[in-house]
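Please open the structure in your viewer and keep the selection tool at hand. The tour below proceeds stop by stop, stating at each what to select and what is found there.

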Amino acid sequence: KLIKNSGLTIYYNAMQGSSVLCAKQIFDKLGLNVTYMNTDVNPNFKFGLPAPYKDNIHDQETLAKKDKFEDFGYALDGDGDRISFVDENGEFYDCNYISAMVYDDILSGGQKCDFVKNCAMTSLVDKIAEANNQKVVLAGVGFKNTASKMLEAPEALIGAESNGYAVKGHILYKDGLMGALRAIEVLAKQQKPLSKGRIKFH
């Protein structure tokens, strides 16, 4: 409901991946104003590696810097499990920040939960967890290890690894569309652009 009533304008970069087939149905149902980019499904992605890293989404950043974005854009990789965002000024946000923003929002809503990550993930979630008397659980590299830790720890609600994240209650694997919707919900709740959004820990 928050997303439906948000009036947000989104630039979605499908990176010629399969997620666009589901994304259009979901966004149409939510009534969001979405501009689609790179929607022709093609495994030979025109920029090379079809991953939502900063160097691979320069067309999206360029649009933002030309004042084409009203709110934000986001990109998914070829199979839709990894995610990144671009704010209205063309600044890049990877999954480290996005998953921390979602985790902070969950805790700010009064729900207590732990965060599962591996050694490559940001220490920002450690600081958020510590500020809320929660724990960060370390897992081995590979999301199968993250998922196992989430299953072992009943308090572990969110887990992140390799530029994607999962929230318990959905599938125990990285789902970029779900991850985007959770982040969009946070932005709709805050009623601020991504550049001025806040992690309450700060």
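Are H3 and H4 roughly parallel or roughly antiparallel to each other? Please note before answering that this is a predicted model.

**First stop: two helices**

Select helix H3, residues 95–108, together with helix H4, residues 124–131. Two packed helices are described by the angle between their axes and the distance between the axes. Here the angle is about 10°, and the axes lie 9 Å apart. Angles under 35 degrees count as roughly parallel, and H3 and H4 are therefore roughly parallel to each other.

Next, display the side chains where the two helices meet. On the H3 side, choose Tyr97, Ala100, Tyr103, Asp104 and Leu107; on the H4 side, choose Leu124, Val125, Ile128 and Ala129. Sorted by class, this contact of H3 with H4 has eight nonpolar residues, one charged residue and no polar ones.

**Second stop: the buried side of H4**

Keep H4 selected and colour Leu124, Val125, Ile128 and Ala129, which are buried. Around the axis they cover an arc of only 135°, which puts them on the same side of H4. An α-helix has 3.6 residues a turn, so residues three or four places apart point the same way.

What do the buried residues of H4 pack against? Add H3, strand E6 (114–117) and strand E7 (136–138) to the view, for these are their packing partners. Then move just past the end of H4 to Asn133, where phi is positive, at about 55°.

**Third stop: helix H2**

Select helix H2, residues 58–65, and find Gln60 within it. Gln60 is buried, its relative accessible area being 0%. Asp59, Glu61 and Ala64 are also buried in H2. To see what surrounds the buried residues of H2, display strand E1 (9–13), strand E2 (33–37), strand E3 (72–76), E4 and strand E5 (92–93), against which they pack. As an exercise with the distance tool, join the C-alpha atoms of Gln60 and Phe72: the two residues are 12 apart in sequence and 9.8 Å apart in space.

**Fourth stop: Ser84**

Now turn to strand E4, residues 83–87, and select Ser84. Is Ser84 buried or exposed? Its relative accessible area is 0%, so Ser84 is buried. Beyond its neighbours within four places in sequence, Ser84 is in contact with Pro52, Ile57, Gly73, Tyr74, Ala75, Phe92, Tyr93 and Asp94. With Pro52, look for the backbone oxygen, which lies 2.9 Å from a polar atom of the Ser84 side chain.

**Fifth stop: the loop between E8 and E9**

Select the loop between strand E8 (156–161) and strand E9 (164–167), where Ser162 is found. Asn163 is found in this loop as well. Ser162 has a positive phi near 50° and is not a glycine; Asn163, likewise not a glycine, has a positive phi of about 65°. Ser162 is partly exposed, with a relative accessible area of 38%, whereas Asn163 counts as buried at 12%.

Which residues does Asn163 touch, not counting those up to four places away in sequence? They are Pro52, Tyr53, Asp81, Arg82, Ile83, Asp94 and Cys95. At Cys95, the backbone nitrogen lies 3.4 Å from a polar atom of the Asn163 side chain. Finally, select Asn163 and Tyr97: they are 66 residues apart in sequence, yet their C-alpha atoms are 10.0 Å apart in space.

Technical notes: Residues numbered from 1 in each chain as written. Predicted model: local features only at pLDDT ≥ 70, side-chain atom pairs only at ≥ 80, totals over all residues. Heavy atoms only, no water. Axes fitted to C-alpha atoms, helices over the stretch in contact; angles between N-to-C directions. Helix = DSSP H or I, 4+ residues; strand = E, 2+ residues; numbered from the N terminus. Parallel < 35°, antiparallel > 145°, perpendicular 65-115°, else oblique. Contact = heavy atoms within 4.5 Å. Nonpolar A, V, L, I, M, F, W, Y, C, P; charged D, E, K, R; others polar. Buried < 20%, exposed > 50% of the residue type's maximum accessible area, 1.4 Å probe, protein only. Arc of directions from axis to C-beta. Polar contact = N/O pair within 3.5 Å; in protein donor to acceptor, adjacent residues only side chain to side chain.
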